[in-house]
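Trainee: I am new to this structure and would like a close look at a single part of it, the nonpolar core, together with whatever surrounds that part. Could you take me through it slowly, in one connected account?

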Amino acid sequence: MPKRQSNRFKHLVVIHGNKKYINELEETAYRFEKIKSIYAEIVPQTGSLQKQQADTILTNVTHKIVVRYSAGKDITKDMQVFFRGHHFEIKFILNPYFKNETLEIFCQELLG
């Protein structure tokens, strides 16, 4: 069995989520705000997941972000990830082999 790579999670990423607030018109609105910072591994990906017809799935993934399960278990699909000026939209999250060791967060980089 291979040893754990302690330097694998060397990038500090910031997780943002939708938070409710009251705007100047006393209306309830939502905006993305920082939830937490965690260490991650960022792996560039190229590809897309396309299954048309009845089970319509159309996803374009540019990066895979791997985090420790304990640090990322509360991350959801409606959150966003920021890293050094790059902004990522979460497409889907996998728990490989249901081992609860790491989470693989598949993202699309948002430009502009």
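Mentor: Let us begin with K91, keeping in mind throughout that the model is predicted. K91 has a relative accessibility of 23%, which means that it counts as partly exposed, since buried would require a value under 20%. The side chain of K91 meets that of E89 in a salt bridge, with 3.4 Å from N to O, and E89, at a relative accessible area of 29%, is likewise partly exposed.

From that pair we can step back to the whole chain before turning to the core. The protein chain has one helix and six strands, and from the N terminus on these elements follow the order β-β-β-α-β-β-β. Of its 112 residues, 32% count as buried, while the chain exposes about 8,200 Å², of which carbon and sulfur atoms supply 50%.

Now to the core itself. In soluble globular proteins, nonpolar side chains tend to be buried together. Here the largest nonpolar core holds 16 residues, and among these V13 and I65 touch the most other members. The elements that give two or more residues to this core are β1 (11-22), β2 (28-51), β3 (57-68), β4 (80-83), β5 (86-94) and β6 (102-110).

I65 deserves a closer look of its own. Setting aside its neighbours within four places in sequence, I65 is in contact with A40, E41, I42, V81, F88, L103, E104, I105 and C107. For the chain as a whole, among contacts between residues at least 6 apart in sequence, 49% join residues at least 24 apart.

One of the residues that I65 contacts, E41, leads us on to another salt bridge. E41 pairs with R8, and their closest N and O atoms are 2.6 Å apart. Because E41 lies in strand β2 and R8 in the segment before β1, this pair ties together parts that are 33 residues apart in sequence. Both partners are partly exposed, E41 with a relative accessible area of 22% and R8 at 29% relative accessibility.

The count of salt bridges comes to five, and including the two already described, we can add the one between R31 and E33, whose closest N and O atoms are 2.8 Å apart. R31 is partly exposed, with a relative accessible area of 40%, and E33 is partly exposed too, with a relative accessible area of 27%.

Conventions. Residues are numbered from 1 along each chain as its sequence is written. This is a predicted model: local features need pLDDT of at least 70, side-chain atom pairs count only at pLDDT 80 or more; totals for chains, interfaces and linings use all residues. Side-chain values use heavy atoms; hydrogens and water are left out. A nonpolar core is a set of buried Ala, Val, Leu, Ile, Met, Phe, Trp, Tyr and Cys residues joined through side-chain atoms within 4.5 Å. Buried means under 20% relative accessible area, exposed over 50%, partly exposed in between (1.4 Å probe, protein chains only). Helices (H or I, at least four residues) and strands (E, at least two) are DSSP runs, numbered from the N terminus. Contact means heavy atoms within 4.5 Å. Accessible areas come from the Shrake-Rupley method with a 1.4 Å probe; for residues, only the protein chains shown count as cover. A salt bridge is a side-chain nitrogen of Lys or Arg within 4 Å of a carboxyl oxygen of Asp or Glu.
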